[in-house]
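Open the model in your viewer and keep the sequence panel beside it, so that you can select residues by number as the tour goes along.

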Amino acid sequence: MGRNVDYKDYYQVLGVTSNSSDEEIKRAYRKLARKYHPDVNPGDEQAAGRFKEINEAYQVLGDSSKRMHYDRFGADYRRYGSVEEAARRSQGVGFGGGQTFDFGGGGGFSDFFDQLFGKGMGGSRAAYQGGWQPHNADVESEIKTTLQEIFQGGTRILNLRVPSQDGQIRNRKLEIKIPRGVRGGAKIRLPREGSIRADGTKGDLYLKVSVLHDENFERRGDNLVTAVEVPLTEAVLGASIQLANIDRTAITLKIPPGTQSGAMLRLKGQGLYQLNSQQRGDLLVKVVIQIPTDLGIEERRLMFQFGKARGENPNDPGE
């Protein structure tokens, strides 16, 4: 090693004994983690250092294989009175027999820990349960939103399963800001809501935006697309009609004379807001012409006369 390393009594750090059960060790860790967590003691360097020791101790004692190696190492230390000699006696520095433990990347543990398990084995893996991937302190989840929310922006309260101060995954209410105009697939970052690193700091929580299907509107970039049914006479002669926009406000659409079914009419500046901007996309309205199916006898005669006047050959409604 080239330098002396002090022995760390992980059992003493957690306030347990070498005969304590796994459950007793876990309870002790949770109690101490709640007390000394940096979020509970902001700006308290002493508490942060204590939390780091507690987390390191639990990384070892909370895992049966690492605890077994630590116990063997401790017995050699008491016999020879030297961390370096104990490391050499207990199959050399670090683990023997090619045994490997995944702690994730990064540093943060003590020199003693490096001496015990091998240089570079320290990391930021937190002792969490419940399916979270602890190799990176940043955590990703999903937030489902609607086109109405994207149009308006604002905040929403969500119940999410996030790491708590005692190292467990629990339900927590978080206030989420939905940026106006955000795109599907974008990620909303919540600082310090991720997993806990070995030094007590927390990673970030990223919420991937997923947009729910809307029955009336389709998004195309910052534009919105919708459809409107137009009576035959209004499509032929032209008209002004009212329709509801994404925010349910009424807007007027002018139907030019002779509008064909499937035509796309544009209402400028009536689409979604661009992200972080007051500019808006357009509303594109697809015209679907209604063909009447319930004409009375007089209406049928008028349609017949109209067709004959245009040189067409419709069926005579009087036959």
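With the whole protein chain selected and its surface switched on, you are looking at an exposed area of about 18100 Å², of which carbon and sulfur atoms supply 45%; such areas come from the Shrake-Rupley method with a 1.4 Å probe, and for residues only the protein chains shown count as cover. This is a predicted model, in which local features need pLDDT of at least 70 and side-chain atom pairs count only at pLDDT 80 or more, while totals for chains, interfaces and linings use all residues. Residues are numbered from 1 along each chain as its sequence is written, and side-chain values use heavy atoms, with hydrogens and water left out.

Change now to the cartoon view, where the protein chain shows nine helices and eleven strands; these are DSSP runs numbered from the N terminus, helices being H or I with at least four residues and strands E with at least two. Of the 319 residues in the chain, 40% are buried, a word that stands for under 20% relative accessible area (1.4 Å probe, protein chains only).

Next, select I143, I176, L207 and L253, which have the most contacts inside the largest nonpolar core, a group of 35 residues. A nonpolar core is a set of buried Ala, Val, Leu, Ile, Met, Phe, Trp, Tyr and Cys residues joined through side-chain atoms within 4.5 Å. Strand 11 (residues 283–290) gives this core its largest share, four residues. Centre the view on L253, whose contacts (heavy atoms within 4.5 Å), leaving aside neighbours within four places in sequence, include V228, L265 and V285. A second, separate core of 25 residues has Y70, F73, F109 and I196 among its members.

Where do aromatic rings meet? The whole structure holds four aromatic pairs, meaning rings of Phe, Tyr and Trp (its six-membered ring) with centres within 6.5 Å, called stacked if the planes are under 30 degrees apart, edge-to-face if over 60 and tilted for the rest. Select Y10 and Y70, a tilted pair at 4.9 Å centre to centre with 40 degrees between the planes. Y10 lies in helix 1 (residues 10–14) and Y70 in helix 4 (residues 64–80), so the pair ties together parts that are 60 residues apart in sequence. Both Y10 and Y70 are buried, and ring pairs link them with Y11 into a cluster.

Finally, select R180 and Y273: the charged end of R180 sits over the ring of Y273, 3.7 Å from its centre, where the rule asks for NZ of Lys or CZ of Arg within 6 Å of the ring centre and within 35 degrees of the ring normal.

Methods: Buried < 20%, exposed > 50% of the residue type's maximum accessible area, 1.4 Å probe, protein only.
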